[in-house]
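Reader: I would like a close look at one single part of this model and at what surrounds it. Please go slowly and explain each term when it comes up.

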Amino acid sequence: MAERRFMTLGDVGEELNISSAQAYALVRSGELPAIQIGGRGQWRVEARIFEEFIVQAYEKSAAAAREARPAEDDENAGGEEER
């Protein structure tokens, strides 16, 4: 069976372990690019774009974690305070 090119918002939600409404919020905010198909406005996310979104989310999370923790130099990495 060939891998599908597009995912529904339900598929996105299932993969991220979030609700379809939360997946829709990602699309509405522009954070997750998607296309709207048909008269009923069903949203689809390209699988390749979804994978890129995940990579970028990891990068953003890592940057936020680095910025949140206090800077430590190598000498103090063991938890000893300099006097």
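Author: Helices (DSSP runs of H or I, at least four residues) and strands (runs of E, at least two residues) are numbered from the N terminus. The model is predicted, and for this reason a local feature needs a pLDDT of at least 70 and a side-chain atom pair a pLDDT of 80 or more, whereas totals for chains, interfaces and linings use all residues. Residues are numbered from 1 along each chain as its sequence is written, and side-chain values rest on heavy atoms, with hydrogens and water left out.

The part to look at is Ala34, which sits in the loop between α2 and β2, the latter covering residues 35–37. To place this loop, it helps to follow the whole chain, which has three helices and three strands and whose elements run β-α-α-β-β-α from the N terminus on.

At 26% relative accessibility, Ala34 counts as partly exposed, a term that lies between buried (under 20% relative accessible area) and exposed (over 50%), computed with a 1.4 Å probe and protein chains only. As a background for that value, 18% of the 83 residues of the chain count as buried.

If residues up to four places away in sequence are set aside, Ala34 touches Val27, Trp43, Arg44 and Val45, where contact means heavy atoms within 4.5 Å. Ala34 can also be placed relative to Met7, since the two residues are 27 apart along the chain while their C-alpha atoms are separated by 9.5 Å. For the chain in general, among the contacts between residues at least 6 apart in sequence, 42% join residues at least 24 apart.

From here we can follow one of the neighbours of Ala34, namely Trp43. A count of aromatic pairs comes to one; the rule is that rings of Phe, Tyr and Trp (its six-membered ring) pair if their centres lie within 6.5 Å, with planes under 30 degrees apart called stacked, over 60 edge-to-face and the rest tilted. The pair consists of Tyr24 and Trp43, whose ring centres are 6.4 Å apart and whose planes stand at 55 degrees, so the pair is tilted. Because Tyr24 lies in helix α2 (residues 20–28) and Trp43 in strand β3, this pair ties together parts that are 19 residues apart in sequence. Both partners fall in the middle class of accessibility, as Tyr24 is partly exposed with a relative accessible area of 32% and Trp43 is partly exposed with 22%.

Strand β3, which covers residues 42–46, also includes Glu46, and this residue is buried, with a relative accessible area of 18%. Not counting residues up to four places away in sequence, Glu46 touches Arg5 and Phe6. Of these two neighbours, Phe6 is found in strand β1, residues 6–8, and counts as partly exposed at 31% relative accessibility. The other neighbour, Arg5, is exposed, with a relative accessible area of 53%.

Arg5 and Glu46 also form a salt bridge, with the closest N and O atoms 3.1 Å apart. Since Arg5 lies in the segment before β1 and Glu46 in strand β3, the pair ties together parts that are 41 residues apart in sequence. The term salt bridge stands for a side-chain nitrogen of Lys or Arg within 4 Å of a carboxyl oxygen of Asp or Glu, and a search of the whole structure finds four of them.

Two others deserve a word. Asp11 forms one with Arg4, the closest N and O atoms being 2.9 Å apart, and Arg4 counts as exposed at 54% relative accessibility. Glu52 forms one with Arg48, and there the closest N and O atoms are 3.0 Å apart. Glu52 is partly exposed at a relative accessible area of 36%, and Arg48 is partly exposed as well, at 48%. These two residues are four apart in helix α3 (residues 47–68), which means that about one helical turn separates them. Salt bridges that share partners join Arg5, Glu46, Arg48 and Glu52 into one network.

To return to the start, the loop residue Ala34 touches Trp43, and Trp43 lies in strand β3, the strand in which Glu46 is also found.
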